[in-house]
Amino acid sequence: MTDAANPLLTPSALPYALPDYAAIRPEHYLPAFRAAFDEHLAEIRRITMVRAMPTFDNTMVPLERSGAALDHVAHAFYTVSSADATDEIQAIDEELAPLMAAHEDAIRLDAQLYWRVKTLHEQLDNLELDDESRYLVQRHFREMTHAGAALDDDAKSRLTALNQQLSTLTTTFEKNLLADTNELAVLFENAEELDGLTDGELSASARAASERGHEGFLISLPLFTGHPYLASLTNRESRRLIMEASRSRGMRGNAKDNRAVLTQIVTLRAERAALLGYPSHAAYVTADETAGTPEAVSDLLHRLAPAAASNARAEQEALQAIIDETEKEPFALEAHDWAFYTEKVRTAKYAIDTAALRPWFEAERVLQDGVFYAATQLYGVTFTERADLAAYHPGARVFEVHNAGGGALGLYVLDLYTRDSKRGGAWMNPIVSQSALRGTAPVVVNNLNVAQPGDGQPTLLTLDEVTTLFHEFGHALHGLFATVDYPHFAGTNVFRDFVEFPSQVNEMWILWADVLDNYARHHETGEALDAGVVERLRATESFNQGHDTSEYLAAAWLDQAWHRVEASDAVTDVAAFEAAALAEIGLDNPAVPTRYSSTYFAHVFSGGYSAGYYSYIWSEVLDADTVEWFRENGGLTRENGDRFRARLLGVGGSKDPLEAYRDFRGRDAEIAPLLKRRGLGG
């Protein structure tokens, strides 16, 4: 195949350099990667062969220009491999994983390149650089050192082998999880077994069954433990079947069993950390995050866990009382019962039935009159759908984004619906990253996993799905607004334990009066959500926080426990290890299972959150403090939005994130707002 015949090896003629997905076929990817690898290595050789002493212009600038072709191919492919992973795409991903790891190491561990960067770092105070350029030298030196560039050749050789093994294993973990999740979708023969679901939910389940060639109703599984439908299903056996299927993923002793895979990952990560001079993978990861050490993470989690566990036990007692009072044959509350009886308590205490709110959360209205509306009010940006631009899947929609003055900003892609080829959960990723140096504008995508109803039926979201859409759009705004010179700092390229902060802040607008009144309209009548309901809905924001905080903290601690394992340790019994870790922090309540059990904990065993799942609560300290600032300063105003955009979202990764936060807030974040929000006391 010639370069001219491969659309990935020629510049895209589409607006904003959007990949020409209509022309890209699976067989184009690997040849494009190989050509891009070669081009990138040649660019690095041209830097290291310069005979003159290192300067910013002969080293850092060409380093930042390098790899543009590879970025183009990689962003195009990994967008597809996560959202439309057909068998053919998965096979490419498996073959590519060790090749990509080897290539990344060839750059990061290059001794001559490291010498040039190190030399500049040593002369930093004499280089007269602007702030972003100075920080670029600091970050490249820190990241290359952290990656192992200072090791001797033998150690580098072992490190490269470890990285390739890990890349293969994490790809296997994700492939196994997707296949097992699809296989464990629960098929029900009749609608009576799903009593409590809405017509739209039944329609979506019937559609899912039909698409797989079944009659009846198929309940596909989300990434997390449990299922949103558990709150509505009146049939206890149906709830049990769904929860059992969810919790059995990756641990059934079949070809998709992830236990051996994850223990290998843990062992190799520990060995790599030791090679790099750290006692554990957790120590290695946190050393280059805002947390600094696993001890700092442990201190926060242990500070929050006792109160969360205590609150969860109190909630459990209240739910048990409901069961004892209302059921003809009372039973002990189990994990699959929690959501159902929680809704009974919520209804009794607040007169709120969250399932009944779905007619007010029609997806298109939530998007246009909620998510987009809040962004327009805050930042002046507008969104225009571009039906003429094809994304990577027919279900993904493309919107052009303009600034307040009408200037073009970038593209936003929304891929709302679930499908068997899409991994679970919700996420944002860049398809094109912004960089003034490269002359590129941002193209970002949000993926969700909302069940698609039958033809002609409206897509009615749960409140949790509304929250997810606002959350992921916060990431998208970060990707769209970051305005930097160097691609190294583009978009969400910030410390992992800071990246969730902007997305969490964006959730505040869900129940903000002006925003909620604009989008929460009955999809048939246009009727606004009753003011009394809105007030009661706001009053429930801290409801069930014992459970929600406990299940999250359990997962965060489980991640830390796995990644505190040292290279000399050997873990063979996954279930026993998990049980001991949860008991250690006091979050081993069987009625409140961890949000992700080890064998389907994709965030840490196939995603980018290894030893970093704590990031959500770490960032939430900043988020809760920021929400207080918005409330104190008038809320949804352009002045507030412009300040938040300029001082936080707009800097991308070009500034230390805590320094950027101080610039925005005027001080460090305080933890009190988080403790109040989560009902954890002072």
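Which backbone nitrogen does a side-chain oxygen of Asp110 reach at the start of H5? In this predicted model, the partner is the backbone nitrogen of Gln112, to within 3.0 Å of which the Asp110 oxygen extends. Helix H5 itself runs over residues 111–122, and its 12 residues should span 16 Å at 1.5 Å a residue; the end C-alpha atoms lie 16 Å apart, in agreement with that expectation. Leu113, Tyr114, Arg116, Val117, Thr119 and Leu120 are the buried residues of H5. These buried residues pack against four helices, namely H1 (29–48), H2 (56–65), H4 (87–108) and H6 (131–147).

Turning to charged pairs, the structure holds 47 salt bridges. One of them joins the side chains of Asp125 and Arg134, with an N to O distance of 2.8 Å. Asp125 is exposed, at a relative accessible area of 66%, while Arg134 is partly exposed at 29%.

A second pair, Arg346 and Glu343, has its closest N and O atoms 2.9 Å apart. Both residues belong to helix H13 (residues 335–350), and because they are 3 residues apart, about one helical turn separates them. Here Arg346 is buried, with a relative accessible area of 12%, and Glu343 is likewise buried, at 10%.

The salt bridge between Asp663 and Arg647 has an N to O distance of 3.5 Å. This pair links distant parts of the chain, with Asp663 in helix H24 (residues 657–665) and Arg647 in helix H23 (residues 638–647), 16 residues apart. Asp663 is partly exposed at 32% relative accessibility, as is Arg647 at 29%. Elsewhere, salt bridges with shared partners join Arg139, Arg142, Glu143 and Asp288 into one network.

How values were computed
Residues are numbered from 1 along each chain as its sequence is written. This is a predicted model: local features need pLDDT of at least 70, side-chain atom pairs count only at pLDDT 80 or more; totals for chains, interfaces and linings use all residues. Side-chain values use heavy atoms; hydrogens and water are left out. Helices (H or I, at least four residues) and strands (E, at least two) are DSSP runs, numbered from the N terminus. The expected span of a helix is 1.5 Å times one less than its number of residues. Buried means under 20% relative accessible area, exposed over 50%, partly exposed in between (1.4 Å probe, protein chains only). Contact means heavy atoms within 4.5 Å. A polar contact is a pair of N or O atoms within 3.5 Å; within protein, one must be able to donate a hydrogen and the other to accept it, and residues adjacent in sequence count only if both atoms are side-chain atoms. A salt bridge is a side-chain nitrogen of Lys or Arg within 4 Å of a carboxyl oxygen of Asp or Glu.
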